[in-house]
Amino acid sequence: MSTSIAVPHSTPEAQGVSSTAIQSFVDAVNANIRNLHSFMLMRHGQVIAEGWWAPYGPQHPHMLFSLSKSFTSTAIGMLVGEGRLSVDDKVISFFPDDLPTEISPYLADMSVHDLLSMSTGHDTEPARVDDDNWARVFLAHPVEHAPGTHFLYNSMATYMCSAILQKVTGMTLLEYLHPRLFEPLGIENPTWETCPRGINTGGWGLSIKTEDIAKFGQLYLQKGLWHGQQLIAKSWVEAATREQVSNRGNDLNNNPDWQQGYGYQFWRCRHNSYRGDGAFGQYCIVMPDQDAVLAITSGVPDMQAVLNIVWDKLLPAFGVAAVPEARAAHTILEQKLATLSIPTVAGKPTTALAARVSGKTFVIEANERKMQSIKVTFGADQDEITLYDETGERPLLCGHGRWVTGSALVHSGTFLGGPPSVVAGSGAWTDDITYEFKVFFRATPYCLIGTLKFDGDTLIAHLSMNVSFGPVLFPILIGHIV
């Protein structure tokens, strides 16, 4: 049972922030950032603004990617607080059956502290695909530097924290955190991916809702205190969020908010702030000097660009005291937040060609994606694009000028990997022979973008993803009517 108390809400003005400033932040996001999915802003423990861009909504969990790391760090901190673990414990002591034949001095010296602070001494991150025993692969990987002296962002180091916790407690990370963190905060139905051996991945794989991210940030802002209960030791919060290792000069893109120091699975930011973050724009930003927390989910390729807007538009808006009530400005802001939407595909709902190709199946020429065929069915108010490959069919519904939800199976050979996913799509004809669509995998940052060009009995399909850990463009697909 959840023991949380509902997060209180307030007007921005009552907490020292103008509605106009928040509107300026939203306008800047809409103008400069594609695919922000949600945000929730808290000040003085109150939610002062929140919004979800359709087809995303407050009830939808979202993949956190590496923001999961901050939750793993929290679990380790709780285990330390229980006296069952020390950050000085040596990593090899937990895995006597998985050690390499020769243990180097650097490996022998590696501690839990080094895992948490991304200073394991590796030059490259250990792989996680060569063996179902990820701990053994990690321990066999060369350690080129003295632990604690060399920063390398290393998701497998976080996985090892999860594996250690499971060794110590006999519980998965998710099971351990349920009564200690998720239930007190009222975080319902969190899910976490596992490795082949049933260990939560730790460095990625957690999915929760936007409000859950905000509550987690508020817990840290309050130094681990939640409604009178000290869930995390204050000393751990302070240790986790201060610089434990320098990461200056390590970011090739020279993004300033990735060079402010690294704690225990938290990044230091400019403006004396800190954050947990995950790929493609998942953020839990804590601003102690402003007594504020900002949670964001998104699907963006440039994470620094989002932070720049936060610092440019929101940071100057935090006043010391309440500002005069501004009902008109607040009403405008509320209306804007209630109608946020990622733009649907612009164009015509149908063309003369639509009826001729509707219901037809186009057999795709041999391709590396192993796509076999595409069937197109065009309707009065929505369309269906069905993709077929060796593992089955994927019907994608696309509304005209609106987002239509459905369900589609995805896997690593075609899209991004994972179980059946709720999807939301929009489509339109951009000229007489070209149909475009967007389909969001709503529990994720991902969007499949397609352009279908019909030339007689031939279909030329251009598919891409909005973001990806690899190439975003698919090879061009060419199909012919059966």
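Colleague: What makes up the lining of the second largest cavity, by nonpolar, polar and charged residues?

Modeller: In this predicted model, that lining divides into three nonpolar, four polar and two charged residues. Tyr and Trp count as nonpolar, so Y153, Y262 and W267 fall in that class. K69 and D277 count as charged, because Lys and Asp belong to that class. The polar class takes S66, S70, Q265 and G276, since Gly is counted there. Both α2 (68–81) and β9 supply at least two residues of this lining.

Colleague: Why is this space called a cavity?

Modeller: The name applies because a 1.4 Å probe fits there but cannot get out. The space amounts to about 30 Å³. The count of cavities of 30 Å³ or more comes to two.

Colleague: How do you know which class R442 belongs to in the lining of the largest cavity?

Modeller: Arg counts as charged, so R442 is placed in that class. The lining of the largest cavity holds three nonpolar, seven polar and one charged residue. Trp, Tyr and Pro count as nonpolar, so W52, Y56 and P61 belong there. Among the polar residues are H37, H60, H62 and T210. About 50 Å³ of space lies in this cavity.

Colleague: What makes β2 and β8 stand at the edges of their sheet?

Modeller: The open sheet of six strands has the order β2-β1-β11-β10-β9-β8, with antiparallel pairing. β2 (46–52) and β8 (267–268) each have a single partner strand, so one side of each is left without a neighbour in the sheet. Helix α10 (residues 303–314) lies across β1, β9, β10 and β11, at about 35 degrees to β10.

Colleague: How do you know that β1 and β2 are paired?

Modeller: Pairing requires at least two bridges. β1 (residues 36–43) and β2 share six in the antiparallel sense, so the two strands count as paired. Opposite M40 stands E50 of β2.

Colleague: Why is β17 described as mostly covered?

Modeller: A residue is called buried when its relative accessible area is under 20%. In β17 (residues 421–431), eight of the 11 residues are buried, and the strand is therefore described as mostly covered.

Colleague: Which strands pair with β17, and what makes them partners?

Modeller: Strand β16 (residues 404–408) is joined to β17 by five bridges, and β18 (residues 434–441) by eight. Both values satisfy the requirement of at least two, so both pairings stand. Each is antiparallel. S407 has V422 as its bridge partner in β17, while G425 is matched with V439 in β18. A hairpin through two residues joins β17 to β18.

Key:
Residues numbered from 1 in each chain as written. Predicted model: local features only at pLDDT ≥ 70, side-chain atom pairs only at ≥ 80, totals over all residues. Heavy atoms only, no water. Buried < 20%, exposed > 50% of the residue type's maximum accessible area, 1.4 Å probe, protein only. Helix = DSSP H or I, 4+ residues; strand = E, 2+ residues; numbered from the N terminus. Contact = heavy atoms within 4.5 Å. Axes fitted to C-alpha atoms, helices over the stretch in contact; angles between N-to-C directions. 1 Å grid on protein atoms, 1.4 Å probe; cavity = no way out; pocket = protein on both sides within 12 Å on 5 of 7 lines; lining within 4 Å. Points joined across faces, edges and corners; volume = space filled by probe spheres on them.
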